[in-house]
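Work through the following exercises with the model open in a viewer. Try each task before reading its solution.

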Amino acid sequence: MSDIKVDPFTIFFDLKNGMSDERKPTRRFLSQMKGMYADDAAFDAAVRENDAIVYDFYELGLPETPGDLLFGTSIVYPGKVGDEYFMTKGHFHTILDTAEVYYCLSGKGYMLMENPEGDWDAQLLTPGEAVYVPKRYAHRSINIGDEKLITFFVFRADAGHDYGTIETKGFRKLIVEKDGKPAIIDNPKWK
Ligand code: MN
C-alpha cells in the first residue's frame, strides 16, 4: 500500500455551498440514523413524515496511505428531531492517534468531541473559524442554525473511520434547543 503514488492534482470545491462538480456526494438520510437521537418517538414520527436528508459529504477516492492527506466538504442540513439538532453520525478514527481540521465555510454549528479518557468539548463553528480536533477525539458536526452548515476538512489519509463505537455508545453530551437557544445536556442514552 505505502508505495502507491499520488500525482499532483487540483479539485474544485465551492466555498459557498461546499459542493464539488467533480465528485458524487455520500448522502445520509434521517432513516439511516435510527437510535442516534435521544427521542425515539420523535425520530420515528419525523422519518414517517419526511425521510429528510441530514447531511452530505464529498470525499476523494485517494489511497488511504500513511503520509497522504484526505480532504473534502461536509454539508449538514438545518432541522431537528424533537429538540435535538440535525447532526452527523460522528466517528472516532480507527487509528485513534490522528487529528483533523475543520474549517467553517458557512452556517452555524458546533463540533462536539469526546475521547475515551472521558474528556469532552464543543467548539463553535461559524464562517472563518477553523476547529482543531485533536487525536483520540470522536467528532460530530451539529447544525444549530437555519441554513446549511458547510465545512471543509482534512485528515491523515490512513486514519480510517470507526462509526460503530458511537452507534453503540453514543456521545456523552447532546446539543438541543432549549428556550430558543442551544444547550449542552447529558445524553440519557449514553452507555
Ligand atoms: Mn474524522
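Three exercises on a sheet follow, each with a worked solution.

The model is predicted: local features need pLDDT of at least 70, side-chain atom pairs count only at pLDDT 80 or more, and totals for chains, interfaces and linings use all residues. Residues are numbered from 1 along each chain as its sequence is written, and side-chain values use heavy atoms, without hydrogens and water.

**Exercise 1.** Give the strand order of the open six-stranded sheet and find its edges.

Solution. Strands are DSSP runs of E with at least two residues, numbered from the N terminus. Two of them pair if DSSP finds at least two bridges between them. The order is S1-S2-S3-S12-S7-S10, with antiparallel pairing. S1 (26–29) and S10 (130–133) each have a single partner strand, so one side of each lacks a neighbour in the sheet. On average, neighbouring strands are turned by 20 degrees against each other, direction ignored; the axes are lines fitted to C-alpha atoms, and angles between N-to-C directions run from 0 to 180 degrees.

**Exercise 2.** Trace the partners of S2 and decide whether S2 is largely enclosed or not.

Solution. Start with S1, which pairs with S2 antiparallel over four bridges. Here Arg 28 stands opposite Tyr 55 of S2. Next, four bridges join S2 to the antiparallel S3 (residues 69–76), where Thr 73 is the bridge partner of Tyr 58. Finally, five of the six residues of S2 (residues 53–58) are buried (under 20% relative accessible area, 1.4 Å probe, protein chains only). S2 is therefore largely enclosed by the rest of the structure.

**Exercise 3.** Which residue of S10 is the bridge partner of Tyr 102?

Solution. S7 (residues 100–106) pairs with S10 in the antiparallel sense over four bridges. The partner of Tyr 102 in S10 is Val 131.

Terms used:
Buried means under 20% relative accessible area, exposed over 50%, partly exposed in between (1.4 Å probe, protein chains only).
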